[in-house]
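Here is a short report on one protein and its ligand. Keep the sequence and the 3D view at hand as you read.

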Amino acid sequence: MPFKLGDLRQAFSAYQDFLGKNPPAHHSRYIFPFFAGSYFAYRKVDVRRVAALAKSVNENPSYVDVGCGLGDFLARVREFLPQATGIEKEGGIFEFGKKPDYVQVAGAEQCPAVDVAFVGWMEPGTDFRRHVAKAAKCVITTFDAGGQCGINGGCEYDEFGFEQIAWWRTPSWIDVNAELMNRYYTPSLAAEKKEQLAKLRGAHNFWYVYARPEIAGRVASGLETHLATENAKERYDFESVLDECGFGYMEELSTLTTAKKLWEVIF
Ligand SMILES: C[S@@+](CC[C@H](N)C(=O)[O-])C[C@H]1O[C@@H](n2cnc3c(N)ncnc32)[C@H](O)[C@@H]1O
(Lines give C-alpha, C1' and ligand atoms only; values in the text may rest on other atoms or scores of the structure.)
Protein backbone atom coordinates (compact mmCIF):
# COMPACT_ATOMS: atom_id res chain seq x y z
CA MET A 1 0.00 0.00 0.00
CA PRO A 2 1.54 3.36 -1.00
CA PHE A 3 2.32 5.88 1.70
CA LYS A 4 -0.32 8.29 2.90
CA LEU A 5 0.98 11.82 3.25
CA GLY A 6 -0.96 12.33 6.50
CA ASP A 7 0.86 9.36 8.06
CA LEU A 8 4.17 10.68 6.82
CA ARG A 9 3.48 14.10 8.38
CA GLN A 10 2.86 12.42 11.73
CA ALA A 11 6.03 10.39 11.39
CA PHE A 12 7.98 13.51 10.40
CA SER A 13 6.83 15.26 13.54
CA ALA A 14 8.01 12.28 15.64
CA TYR A 15 11.32 12.41 13.74
CA GLN A 16 11.75 16.10 14.61
CA ASP A 17 10.99 15.34 18.30
CA PHE A 18 13.55 12.54 18.21
CA LEU A 19 16.25 14.80 16.74
CA GLY A 20 15.43 17.37 19.43
CA LYS A 21 16.62 14.84 22.03
CA ASN A 22 20.15 14.74 20.54
CA PRO A 23 20.19 10.98 19.92
CA PRO A 24 23.48 9.12 19.34
CA ALA A 25 24.98 9.63 15.90
CA HIS A 26 23.24 7.89 12.98
CA HIS A 27 20.46 6.26 15.01
CA SER A 28 17.90 8.27 13.08
CA ARG A 29 18.84 6.45 9.84
CA TYR A 30 17.52 3.20 11.29
CA ILE A 31 14.61 4.59 13.25
CA PHE A 32 13.24 6.99 10.61
CA PRO A 33 14.57 5.43 7.39
CA PHE A 34 12.29 7.33 5.05
CA PHE A 35 13.51 10.73 6.27
CA ALA A 36 17.09 10.00 7.28
CA GLY A 37 18.24 6.86 5.46
CA SER A 38 16.90 3.98 3.42
CA TYR A 39 14.79 0.90 4.02
CA PHE A 40 17.70 -1.43 3.33
CA ALA A 41 20.83 -1.01 5.43
CA TYR A 42 23.91 -0.57 3.26
CA ARG A 43 27.62 -0.02 3.37
CA LYS A 44 29.91 1.64 0.88
CA VAL A 45 30.70 -1.82 -0.53
CA ASP A 46 27.06 -2.02 -1.70
CA VAL A 47 27.28 1.31 -3.47
CA ARG A 48 30.56 0.21 -5.09
CA ARG A 49 29.00 -3.09 -6.19
CA VAL A 50 26.05 -1.31 -7.76
CA ALA A 51 28.35 1.12 -9.58
CA ALA A 52 30.59 -1.73 -10.80
CA LEU A 53 27.57 -3.69 -12.03
CA ALA A 54 26.30 -0.64 -13.92
CA LYS A 55 29.72 -0.15 -15.53
CA SER A 56 29.75 -3.79 -16.61
CA VAL A 57 26.61 -3.09 -18.63
CA ASN A 58 27.98 0.07 -20.22
CA GLU A 59 31.09 2.14 -19.55
CA ASN A 60 28.92 5.22 -19.25
CA PRO A 61 25.67 3.65 -18.05
CA SER A 62 22.25 5.22 -17.82
CA TYR A 63 20.88 4.45 -14.35
CA VAL A 64 17.58 5.18 -12.68
CA ASP A 65 16.52 4.57 -9.08
CA VAL A 66 12.79 3.79 -9.28
CA GLY A 67 10.85 4.83 -6.17
CA CYS A 68 13.91 6.61 -4.82
CA GLY A 69 12.10 8.36 -1.97
CA LEU A 70 14.14 11.33 -0.75
CA GLY A 71 17.15 9.83 -2.55
CA ASP A 72 19.58 8.81 0.22
CA PHE A 73 21.02 5.82 -1.66
CA LEU A 74 20.86 7.57 -5.03
CA ALA A 75 23.00 10.44 -3.73
CA ARG A 76 25.67 7.90 -2.71
CA VAL A 77 25.52 6.15 -6.08
CA ARG A 78 25.99 9.49 -7.85
CA GLU A 79 29.41 9.76 -6.25
CA PHE A 80 30.45 7.01 -8.71
CA LEU A 81 27.81 7.45 -11.45
CA PRO A 82 27.18 11.20 -11.62
CA GLN A 83 24.64 10.72 -14.41
CA ALA A 84 22.35 8.55 -12.21
CA THR A 85 18.79 9.82 -11.83
CA GLY A 86 15.71 8.88 -9.81
CA ILE A 87 11.97 8.74 -10.28
CA GLU A 88 9.53 9.01 -7.42
CA LYS A 89 5.76 8.83 -7.78
CA GLU A 90 4.73 10.75 -4.68
CA GLY A 91 5.78 14.39 -5.21
CA GLY A 92 4.28 15.31 -1.81
CA ILE A 93 7.23 13.69 0.00
CA PHE A 94 9.46 16.57 -0.99
CA GLU A 95 7.89 18.69 1.73
CA PHE A 96 10.16 16.61 4.02
CA GLY A 97 13.36 17.18 2.06
CA LYS A 98 14.43 19.21 -0.96
CA LYS A 99 13.84 17.46 -4.28
CA PRO A 100 17.18 17.13 -6.08
CA ASP A 101 17.02 18.26 -9.72
CA TYR A 102 18.11 14.76 -10.83
CA VAL A 103 14.91 13.29 -9.36
CA GLN A 104 11.77 13.42 -11.45
CA VAL A 105 8.30 13.12 -9.97
CA ALA A 106 6.92 10.26 -12.06
CA GLY A 107 5.53 6.77 -11.70
CA ALA A 108 7.40 3.61 -12.64
CA GLU A 109 5.18 3.31 -15.72
CA GLN A 110 7.10 6.34 -17.06
CA CYS A 111 10.48 4.74 -16.39
CA PRO A 112 12.83 5.70 -19.24
CA ALA A 113 14.79 3.05 -21.16
CA VAL A 114 18.01 2.57 -19.20
CA ASP A 115 21.00 0.30 -18.85
CA VAL A 116 20.33 -0.22 -15.15
CA ALA A 117 17.30 0.24 -12.92
CA PHE A 118 17.63 0.08 -9.16
CA VAL A 119 14.55 -0.69 -7.06
CA GLY A 120 15.08 -0.33 -3.34
CA TRP A 121 12.19 -1.75 -1.35
CA MET A 122 8.72 -1.46 -2.82
CA GLU A 123 6.15 -1.20 -0.07
CA PRO A 124 4.12 -4.39 0.48
CA GLY A 125 1.20 -4.28 -1.94
CA THR A 126 3.07 -2.19 -4.51
CA ASP A 127 4.40 -4.03 -7.52
CA PHE A 128 5.74 -2.06 -10.48
CA ARG A 129 8.22 -4.70 -11.67
CA ARG A 130 6.71 -5.10 -15.15
CA HIS A 131 7.36 -1.41 -15.94
CA VAL A 132 10.93 -1.67 -14.72
CA ALA A 133 11.46 -4.92 -16.62
CA LYS A 134 10.32 -3.27 -19.85
CA ALA A 135 12.71 -0.36 -19.42
CA ALA A 136 15.97 -1.85 -18.13
CA LYS A 137 18.71 -4.22 -19.34
CA CYS A 138 19.87 -4.90 -15.81
CA VAL A 139 17.85 -4.66 -12.59
CA ILE A 140 19.29 -4.46 -9.10
CA THR A 141 16.66 -4.77 -6.43
CA THR A 142 16.45 -5.07 -2.66
CA PHE A 143 13.52 -6.54 -0.80
CA ASP A 144 12.57 -7.94 2.55
CA ALA A 145 12.42 -11.66 3.23
CA GLY A 146 9.02 -11.03 4.80
CA GLY A 147 7.44 -10.68 1.37
CA GLN A 148 6.63 -7.57 -0.54
CA CYS A 149 5.44 -8.40 -4.05
CA GLY A 150 2.01 -9.93 -3.78
CA ILE A 151 1.28 -13.15 -1.98
CA ASN A 152 4.40 -14.97 -3.16
CA GLY A 153 6.65 -12.55 -1.39
CA GLY A 154 9.83 -12.12 -3.39
CA CYS A 155 10.44 -9.41 -5.95
CA GLU A 156 12.12 -11.55 -8.60
CA TYR A 157 12.50 -10.70 -12.29
CA ASP A 158 12.92 -14.22 -13.79
CA GLU A 159 9.32 -14.19 -14.98
CA PHE A 160 10.10 -11.11 -17.09
CA GLY A 161 12.86 -12.89 -19.04
CA PHE A 162 15.79 -11.84 -16.86
CA GLU A 163 18.57 -14.09 -15.59
CA GLN A 164 19.52 -13.93 -11.95
CA ILE A 165 23.21 -13.12 -11.74
CA ALA A 166 23.95 -12.96 -8.02
CA TRP A 167 22.53 -12.10 -4.64
CA TRP A 168 23.64 -11.14 -1.15
CA ARG A 169 22.10 -10.43 2.20
CA THR A 170 22.23 -7.39 4.45
CA PRO A 171 20.11 -6.29 7.40
CA SER A 172 16.99 -4.29 6.73
CA TRP A 173 16.31 -1.10 8.66
CA ILE A 174 13.92 -3.17 10.80
CA ASP A 175 16.72 -5.56 11.82
CA VAL A 176 18.97 -2.68 12.87
CA ASN A 177 16.08 -0.87 14.50
CA ALA A 178 15.31 -3.91 16.69
CA GLU A 179 18.93 -4.04 17.89
CA LEU A 180 19.00 -0.32 18.65
CA MET A 181 15.70 -0.53 20.54
CA ASN A 182 17.05 -3.37 22.71
CA ARG A 183 20.37 -1.69 23.36
CA TYR A 184 19.41 1.95 23.82
CA TYR A 185 15.70 2.52 24.10
CA THR A 186 14.52 -0.21 26.49
CA PRO A 187 16.18 0.80 29.79
CA SER A 188 14.17 -1.76 31.76
CA LEU A 189 15.79 -4.66 29.89
CA ALA A 190 18.44 -6.48 31.96
CA ALA A 191 21.95 -6.80 30.48
CA GLU A 192 21.67 -10.58 30.35
CA LYS A 193 18.37 -10.37 28.44
CA LYS A 194 19.91 -7.86 26.01
CA GLU A 195 22.71 -10.32 25.32
CA GLN A 196 20.24 -13.15 24.73
CA LEU A 197 18.20 -11.03 22.33
CA ALA A 198 21.30 -9.91 20.42
CA LYS A 199 22.07 -13.59 19.69
CA LEU A 200 18.69 -13.89 18.00
CA ARG A 201 19.32 -11.08 15.54
CA GLY A 202 18.52 -11.77 11.91
CA ALA A 203 19.10 -10.01 8.60
CA HIS A 204 16.20 -9.95 6.22
CA ASN A 205 17.12 -7.75 3.31
CA PHE A 206 18.12 -9.37 0.02
CA TRP A 207 19.92 -7.73 -2.89
CA TYR A 208 19.21 -9.49 -6.21
CA VAL A 209 20.93 -8.71 -9.49
CA TYR A 210 19.23 -9.52 -12.80
CA ALA A 211 20.30 -9.05 -16.39
CA ARG A 212 18.88 -9.70 -19.82
CA PRO A 213 20.31 -13.03 -21.11
CA GLU A 214 22.42 -11.35 -23.80
CA ILE A 215 24.44 -9.39 -21.22
CA ALA A 216 24.26 -11.86 -18.30
CA GLY A 217 27.81 -13.23 -18.77
CA ARG A 218 29.30 -9.74 -18.95
CA VAL A 219 27.49 -8.59 -15.83
CA ALA A 220 28.50 -11.68 -13.83
CA SER A 221 32.16 -11.35 -14.77
CA GLY A 222 32.06 -7.59 -14.09
CA LEU A 223 30.87 -8.30 -10.56
CA GLU A 224 33.44 -11.07 -10.06
CA THR A 225 36.26 -8.79 -11.17
CA HIS A 226 35.05 -6.07 -8.86
CA LEU A 227 34.78 -8.41 -5.87
CA ALA A 228 38.37 -9.53 -6.27
CA THR A 229 39.46 -6.09 -5.06
CA GLU A 230 36.52 -5.16 -2.84
CA ASN A 231 37.71 -3.02 0.03
CA ALA A 232 35.42 -2.95 3.07
CA LYS A 233 37.77 -0.53 4.83
CA GLU A 234 36.46 2.18 2.57
CA ARG A 235 33.29 3.08 4.43
CA TYR A 236 30.65 5.61 5.47
CA ASP A 237 30.60 6.97 9.02
CA PHE A 238 27.14 5.46 9.68
CA GLU A 239 28.52 1.94 9.24
CA SER A 240 29.69 2.14 12.87
CA VAL A 241 26.07 1.48 13.94
CA LEU A 242 25.97 -1.70 11.84
CA ASP A 243 29.21 -2.92 13.41
CA GLU A 244 28.01 -2.13 16.90
CA CYS A 245 24.71 -3.95 16.36
CA GLY A 246 26.44 -7.13 15.21
CA PHE A 247 25.96 -6.68 11.46
CA GLY A 248 29.63 -6.72 10.49
CA TYR A 249 30.90 -7.14 6.95
CA MET A 250 31.06 -10.93 6.36
CA GLU A 251 29.77 -11.55 9.88
CA GLU A 252 28.07 -14.93 10.19
CA LEU A 253 24.71 -15.02 11.95
CA SER A 254 23.77 -18.27 13.67
CA THR A 255 20.06 -17.64 13.12
CA LEU A 256 20.46 -17.87 9.34
CA THR A 257 20.26 -21.10 7.36
CA THR A 258 21.25 -19.80 3.91
CA ALA A 259 23.84 -17.18 3.03
CA LYS A 260 24.85 -16.99 6.67
CA LYS A 261 27.59 -14.46 6.01
CA LEU A 262 26.32 -10.95 5.57
CA TRP A 263 27.44 -9.27 2.34
CA GLU A 264 28.76 -12.57 0.91
CA VAL A 265 27.90 -12.64 -2.81
CA ILE A 266 26.36 -15.84 -4.10
CA PHE A 267 26.43 -16.49 -7.86
C1 LIG B 1 9.44 1.94 0.84
S2 LIG B 1 9.81 3.42 0.00
C3 LIG B 1 11.51 3.14 -0.38
C4 LIG B 1 12.24 4.39 -0.71
C5 LIG B 1 13.70 4.16 -1.01
N6 LIG B 1 13.87 3.38 -2.22
C7 LIG B 1 14.36 3.48 0.17
O8 LIG B 1 14.64 2.29 0.11
O9 LIG B 1 14.55 4.12 1.19
C10 LIG B 1 9.06 3.16 -1.59
C11 LIG B 1 9.03 4.41 -2.47
O12 LIG B 1 8.49 4.07 -3.75
C13 LIG B 1 7.60 5.09 -4.17
N14 LIG B 1 6.66 4.50 -5.14
C15 LIG B 1 5.58 3.71 -4.87
N16 LIG B 1 4.97 3.36 -6.01
C17 LIG B 1 5.69 3.91 -7.01
C18 LIG B 1 5.55 3.91 -8.43
N19 LIG B 1 4.57 3.24 -9.04
N20 LIG B 1 6.45 4.59 -9.17
C21 LIG B 1 7.48 5.26 -8.56
N22 LIG B 1 7.65 5.32 -7.24
C23 LIG B 1 6.77 4.65 -6.46
C24 LIG B 1 6.95 5.52 -2.87
O25 LIG B 1 6.33 6.79 -3.00
C26 LIG B 1 8.14 5.50 -1.91
O27 LIG B 1 8.83 6.72 -1.92
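## Starting point: Cys245

In which segment is Cys245 found? Cys245 is in the segment after H10. Helix H10 covers residues 239-244. Note early on that this is a predicted model.

Is Cys245 buried or exposed? Cys245 has a relative accessible area of 0%. Buried means under 20%, so Cys245 counts as buried. Now look for Asn177, which is 68 residues away from Cys245 along the chain. In space, the C-alpha atoms of Cys245 and Asn177 are separated by 9.3 Å.

## More of the segment after H10

Leu262 also lies in the segment after H10. Its relative accessible area is 0%, so Leu262 is buried. Phe247 is 15 residues from Leu262 along the chain. Their C-alpha atoms are 7.3 Å apart.

Met250 has its place in this segment too. Is Met250 buried or partly exposed? The relative accessible area of Met250 is 30%. Partly exposed runs from the 20% limit for buried to the 50% limit for exposed, so Met250 is partly exposed. The backbone of Met250 deserves a look as well. Its phi is near 65 degrees, a positive value in a residue other than glycine.

## Two buried loop residues

Where does Phe238 lie? Phe238 is in the loop between helix H9 (213-228) and H10. With 2% relative accessibility, Phe238 counts as buried. Along the chain, Phe238 and Ser38 are 200 residues apart. In space, their C-alpha atoms are separated by 12 Å.

Cys155 sits in another setting, the loop between strand E5 (136-144) and strand E6 (163-170). Cys155 has a relative accessible area of 1%, so this residue is buried. Arg49 is 106 residues from Cys155 in sequence. From C-alpha to C-alpha, Cys155 and Arg49 are 20 Å apart.

## The ligand and its shell

Now turn to the ligand. The ligand sits in the largest pocket. How many residues surround the ligand? There are 19 of them, and the closest are Gly67, Glu88, Ala108, Gly120 and Trp121. By type, the shell divides into 9 nonpolar, 6 polar and 4 charged residues.

Which backbone atoms lie close to nitrogen atoms of the ligand? Start with Gly67: a backbone N or O atom of this residue is 2.9 Å from a ligand nitrogen. At Ala108, a polar backbone atom lies 2.8 Å from a nitrogen atom of the ligand. At Gly120, a polar backbone atom is also 2.8 Å from a nitrogen atom of the ligand. On its own, the ligand has 590 Å² of accessible area, and the protein covers 94% of it.

## Trp121, beside the ligand

Trp121 is among the closest residues to the ligand. Where is its place in the chain? Trp121 is in the loop between strand E4 (114-120) and helix H6 (129-135).

Why does Trp121 count as buried? Its relative accessibility is 13%, and buried means under 20%, so Trp121 falls on the buried side. The phi of Trp121 is near 60 degrees. That is a positive value in a residue other than glycine.

Notes:
Residues are numbered from 1 along each chain as its sequence is written. This is a predicted model: local features need pLDDT of at least 70, side-chain atom pairs count only at pLDDT 80 or more; totals for chains, interfaces and linings use all residues. Side-chain values use heavy atoms; hydrogens and water are left out. A residue is near a molecule or strand if one of its heavy atoms lies within 4 Å of it. A polar contact is a pair of N or O atoms within 3.5 Å; within protein, one must be able to donate a hydrogen and the other to accept it, and residues adjacent in sequence count only if both atoms are side-chain atoms. Accessible areas come from the Shrake-Rupley method with a 1.4 Å probe; for residues, only the protein chains shown count as cover. On a 1 Å grid over the protein atoms alone, a cavity is a set of points where a 1.4 Å probe fits but cannot get out, and a pocket is an open set with protein on both sides within 12 Å along at least five of seven lines; lining residues have an atom within 4 Å of a point. A molecule sits in a cavity or pocket if more than half of its atoms lie within 2 Å of its grid points. Ala, Val, Leu, Ile, Met, Phe, Trp, Tyr, Cys and Pro count as nonpolar, Asp, Glu, Lys and Arg as charged, and the others, Gly among them, as polar. Helices (H or I, at least four residues) and strands (E, at least two) are DSSP runs, numbered from the N terminus. Buried means under 20% relative accessible area, exposed over 50%, partly exposed in between (1.4 Å probe, protein chains only).
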